[in-house]
Amino acid sequence: MFKTLLTVATIYALSVTGFSPKSSLTTQRTQSMSSTNQFQMSAGDAAADTTEVKVGDTLPSVVLKEGQADYGKPVDINLSEITAGKKVAIFAVPGAFTPGCSKSHLPSFIEAMDDLKAKGIEEVLCVATNDAYVMEAWGDSSGGKDAGIRFLSDSNAELTRALGLAKESDVFVRCSRFSLIAENGIVTHYFSAAAGESSDTWAPNVLSKL
């Protein structure tokens, strides 16, 4: 009798407070999804607020990673430091080892290295959001490293976002395809595939404007 009364009292108390295991779980899931969506919207809003790089801009002071031979520890490379006092070409691809980047964009710069040097280009940098080990492997297998191109990892997408060129996703942030020329850290020429063709960012088009 006592157990029956206790059970009835417990059920009554729970009904008054509105507690329900199912509703509690649903509330927790809703709050979790709301928090996640808020974070994703914040990241998207931040990317949307960043203006795309243009001629006259100063390259951001960000640290990239450069892979080393034989799986050595990647080295920090400060973009501002390696471009200071130099005329450099920087090109970025959506991903290492991807078809368009491996068959067209990268080879165009490999083949144009002598012509770029003749135009006063002292350094050529290839950037992607892949990690430093992948970039090192791509540079080695493609012949890009042997040609004198440096392969730098923007794995945290700091440079990509700072330039306003991030393609955000829940899995992997990619950089929109571009090429640029900078002198002493100032962008003097900018080439984007967004408003035209991918070939607009390839070395022959870059050379034609120098």
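The following questions and answers concern a predicted model of a single protein chain.

Reader: What is the mean pLDDT of the chain, and over which residues is the pLDDT below 50?
Author: Of the residues in the chain, 77% reach a pLDDT of 70 or more, and the mean is 82. Where pLDDT is low, the predicted coordinates should not be read in detail. That caution applies to one stretch with five contacts in the model beyond near neighbours in sequence; its pLDDT is below 50, and it covers residues 1-48.

Reader: How many helices and strands are in the chain, and what percentage of its residues is buried?
Author: The chain holds nine helices and nine strands. Among contacts with a separation of 6 or more, residues 24 or more positions apart account for 67%. Of the 210 residues in the chain, the buried share is 36%.

Reader: How far apart are the end C-alpha atoms of helix α4?
Author: Helix α4 runs over residues 99-111, which makes 13 residues. At 1.5 Å a residue, such a helix should span 18 Å. The model agrees with this expectation, since the end C-alpha atoms of α4 are separated by 17 Å.

Reader: Which residues of α4 are buried?
Author: Buried here means a relative accessible area under 20%. In α4, the residues that meet this cut-off are Cys 101, His 105, Leu 106, Pro 107, Ser 108 and Phe 109.

Reader: Within what arc do the buried residues of helix α6 fall?
Author: Helix α6 covers residues 132-142, and its buried residues are Ala 132, Met 135, Glu 136, Trp 138 and Gly 139. Viewed down the helix axis, these buried residues line one face of α6, because they fall within an arc of 165 degrees.

Reader: Which exposed residues does α6 carry on the face turned away from its buried side?
Author: The buried side of α6 is covered by elements including β1 (63-66), α4, β4 (123-128), α7 (144-147) and β5 (150-153). The face turned away from that side carries the exposed residues Asp 140 and Ser 141.

Reader: Which residue caps the N-terminal end of α6, and which residue just after α6 takes a positive phi?
Author: At the N-terminal end, the cap is Asp 131, with a side-chain oxygen 2.9 Å from the backbone nitrogen of Tyr 133. Just after α6, a positive phi of about 90 degrees is taken by Gly 143.

Reader: Why is Cys 126 in no disulfide, and how far away is the nearest cysteine sulfur?
Author: A disulfide requires two cysteine sulfur atoms within 2.5 Å, and the count for this model comes to zero. Cys 126 is buried, with a relative accessible area of 0%. Its nearest cysteine sulfur belongs to Cys 101, which lies beyond the 2.5 Å limit, so Cys 126 is in no disulfide; the distance is 8.1 Å.

Reader: Is Glu 123 buried or exposed, and with which side chain does its own side chain make a polar contact?
Author: Glu 123 lies in strand β4. At a relative accessible area of 14%, Glu 123 is buried. Leaving out residues up to four places away in sequence, Glu 123 touches Ile 82, Lys 86, Lys 87, Val 88, Ala 89 and Arg 150. The polar contact of its side chain, at 3.2 Å, is with the side chain of Lys 86.

Reader: How far apart in space are Leu 59 and Val 187, C-alpha to C-alpha?
Author: Leu 59 lies in the loop between α2 and β1, and its relative accessibility of 6% counts as buried. Beyond neighbours within four places in sequence, its contacts include Leu 79, Ile 90, Leu 180 and Val 187. Although Leu 59 and Val 187 are 128 residues apart in sequence, their C-alpha atoms are separated in space by 7.0 Å.

Reader: How far apart in space are Pro 60 and Ser 80, C-alpha to C-alpha?
Author: Pro 60 is placed in the loop between α2 and β1, and it counts as buried at 18% relative accessibility. Among the residues that Pro 60 touches, apart from those up to four places away in sequence, are Ser 80, Leu 159 and Leu 163. Pro 60 and Ser 80 are 20 residues apart in sequence, and their C-alpha separation is 6.7 Å.

Reader: Is Asp 70 buried or exposed, and what is its phi?
Author: Asp 70 lies in the loop between β1 and β2 (75-78). With a relative accessible area of 75%, Asp 70 is exposed. Its phi is positive in a residue other than glycine, with a value near 55 degrees.

Technical notes:
Residues numbered from 1 in each chain as written. Predicted model: local features only at pLDDT ≥ 70, side-chain atom pairs only at ≥ 80, totals over all residues. Heavy atoms only, no water. Helix = DSSP H or I, 4+ residues; strand = E, 2+ residues; numbered from the N terminus. Expected span 1.5 Å × (residues − 1). Buried < 20%, exposed > 50% of the residue type's maximum accessible area, 1.4 Å probe, protein only. Arc of directions from axis to C-beta. Contact = heavy atoms within 4.5 Å. Polar contact = N/O pair within 3.5 Å; in protein donor to acceptor, adjacent residues only side chain to side chain. pLDDT = per-residue confidence, 0-100.
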